Amino acid sequence: MNKRASMQLRQEHRDWLQNYQTEIQDKLGIDSFLVQPIQRLTKYPLLLKQLISEFFGIKCKPVLTAICKLETRMRGLLDVVNQAEEIPYIEELPAQLSTTNLSYFRRSAEFEAYHYRPRKKFPAKVLLFDNCLLITEMRKKQLVYRHYYQWSALELRINTKKNITLLTKIGESTTNGGNDITKQNGNHLREEYQFVATEALTIAPWLRSARKIVECTRLEISQKGKLSLPMDLVLGAAFSIWLIWHYL
């Protein structure tokens, strides 16, 4: 997420960095630390594609299948890296949602968003993080912050492969008088957003990431309050019982 900011910082202090590079006789310079990791990501899929062409004529299906899967995952990772570069430049982002405070970024996707309460429609980019979902409005090439929701306070209802409703959980005291309020799994839900994508294929990876995050969040909530013993304590207790059984 901080690649562009790092490059800008390097440009601002270019003279000092070049003088220090000359002083310590470093041939590569700081660019090698900032640029080369990103460049490698683009080379890996090309290398894997070449391996696929080499193995295609050989009867080695398990290896070919593994390489194809790895190549697909590398291209997906490269997409996520490219998407993450926009995050530090979101306009009107609250201070508590700075890049240092946001959790791990997973993926973003473009939708036509409809906000139910103000009845406003706008082109949106919805970003998925491990701890939250971030909604931004697309204005030309700039993203403007609109809303932030923690996963524990929302639900996603998949209407079709390219139509999604975002619902927020609310208390029973605030559920009176409102046609957009429903009750599901014991929770009172209010419709907040409707997301519509142009094509189902373009948001398929986004949906997979969202489902995975929702499942992990539900598992964490279900485990809260349950007794969880460390493995070393369990093994120690078992070993103690074994000693008592055999020597006493």
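These are my notebook entries on what I looked up in this structure, which is a predicted model.

**Entry 1: overall layout**

I began with the list of elements and found six helices and eight strands in the protein. Reading from the N terminus, I wrote their order down as α-α-α-α-β-β-β-β-β-β-β-β-α-α. I then looked up burial for the whole protein, and buried residues make up 30% of its 248 residues. For the accessible surface I noted about 17,300 Å², with 56% of that area belonging to carbon and sulfur atoms. Turning to contacts with a separation of 6 or more, I found that residues 24 or more positions apart account for 53% of them.

**Entry 2: the nonpolar cores**

Which residues have the most contacts inside the largest nonpolar core? I found Phe 111, Leu 133, Ile 135, Tyr 193, Phe 195, Ile 203 and Trp 206, in a core that has 23 residues. I next asked where the core residues come from, and the elements that each supply at least two of them are β1 (105-115), β2 (120-129), β3 (132-139), β6 (163-170), β8 (187-196) and α5 (200-223). The largest share, six residues, comes from α5. There is also a second core, separate from this one, with 13 residues that include Val 80, Ala 84, Leu 102 and Phe 105.

I picked Ile 135 for a closer look and listed its contacts, leaving aside neighbours within four places in sequence. Among its partners are Phe 122 and Val 126, Val 144 and Tyr 145, Leu 166, and also Tyr 193 and Phe 195. The list is not purely nonpolar, since Lys 125, Arg 146 and His 147 are in contact with Ile 135 as well.

**Entry 3: helix α5**

Because α5 supplies the largest share of the core, I checked its geometry next. At 1.5 Å a residue its 24 residues should span 34 Å, and the end C-alpha atoms are 34 Å apart, which agrees. I also found a kink of about 30° in α5, centred on Trp 206.

Which residues of α5 are buried? I noted Ile 203, Trp 206, Leu 207, Ser 209, Ala 210, Ile 213, Val 214 and Thr 217. When I looked for what these buried residues pack against, I found β1, β2, β3, β5 (154-160) and β6.

**Entry 4: helix α4**

I made the same span check for α4, where 24 residues at 1.5 Å each should span 34 Å, and the end C-alpha atoms are 35 Å apart, which agrees. The buried residues that I listed in α4 are Leu 64, Ile 67, Glu 71, Met 74, Gly 76, Leu 78, Val 80, Val 81, Gln 83 and Ala 84. Of these, Val 80 and Ala 84 had already appeared in my note on the second core.

**Entry 5: Arg 107 in β1**

Is Arg 107, which lies in strand β1, buried or exposed? Its relative accessible area is 13%, under the 20% cut-off, so Arg 107 is buried. Not counting residues up to four places away in sequence, Arg 107 touches Gly 76, Asp 79, Val 80 and Gln 83, then Val 126, Leu 127 and Leu 128, and finally Pro 205, Trp 206 and Ser 209. I also noted that Arg 107 and Leu 207 are 100 residues apart in sequence, while their C-alpha atoms are 9.4 Å apart in space.

**Entry 6: Gln 194 in β8**

Gln 194 lies in strand β8, and with a relative accessible area of 16% this glutamine is buried. I looked for a partner of its side chain and found a polar contact of 2.7 Å with the side chain of Tyr 116. With residues up to four places away in sequence not counted, Gln 194 touches Glu 112, Ala 113, Tyr 114, Tyr 116, Asn 159, Asn 163, Ile 164 and Thr 165.

**Entry 7: three loop residues**

I ended with the loops, where Gln 25 and Glu 92 caught my attention. Gln 25, in the loop between α2 (14-23) and α3 (31-55), has a positive phi of about 55° although it is not a glycine. At 70% relative accessibility, Gln 25 counts as exposed. Glu 92, in the loop between α4 and β1, is not a glycine either, and its phi is positive at about 65°. The relative accessible area of Glu 92 is 54%, and this residue is exposed.

Pro 88 also lies in the loop between α4 (61-84) and β1. At 28% relative accessibility, Pro 88 counts as partly exposed. How far apart are Pro 88 and Ala 5 in space, C-alpha to C-alpha? I noted 7.9 Å, for two residues that are 83 residues apart in sequence.

Note on methods:
Residues numbered from 1 in each chain as written. Predicted model: local features only at pLDDT ≥ 70, side-chain atom pairs only at ≥ 80, totals over all residues. Heavy atoms only, no water. Core = buried A, V, L, I, M, F, W, Y, C linked by side-chain atoms within 4.5 Å. Buried < 20%, exposed > 50% of the residue type's maximum accessible area, 1.4 Å probe, protein only. Helix = DSSP H or I, 4+ residues; strand = E, 2+ residues; numbered from the N terminus. Contact = heavy atoms within 4.5 Å. Expected span 1.5 Å × (residues − 1). Bend = angle between axes of the 7 residues up to and from the residue. Areas by Shrake-Rupley, 256 points an atom, 1.4 Å probe, with all protein chains shown as cover. Polar contact = N/O pair within 3.5 Å; in protein donor to acceptor, adjacent residues only side chain to side chain.
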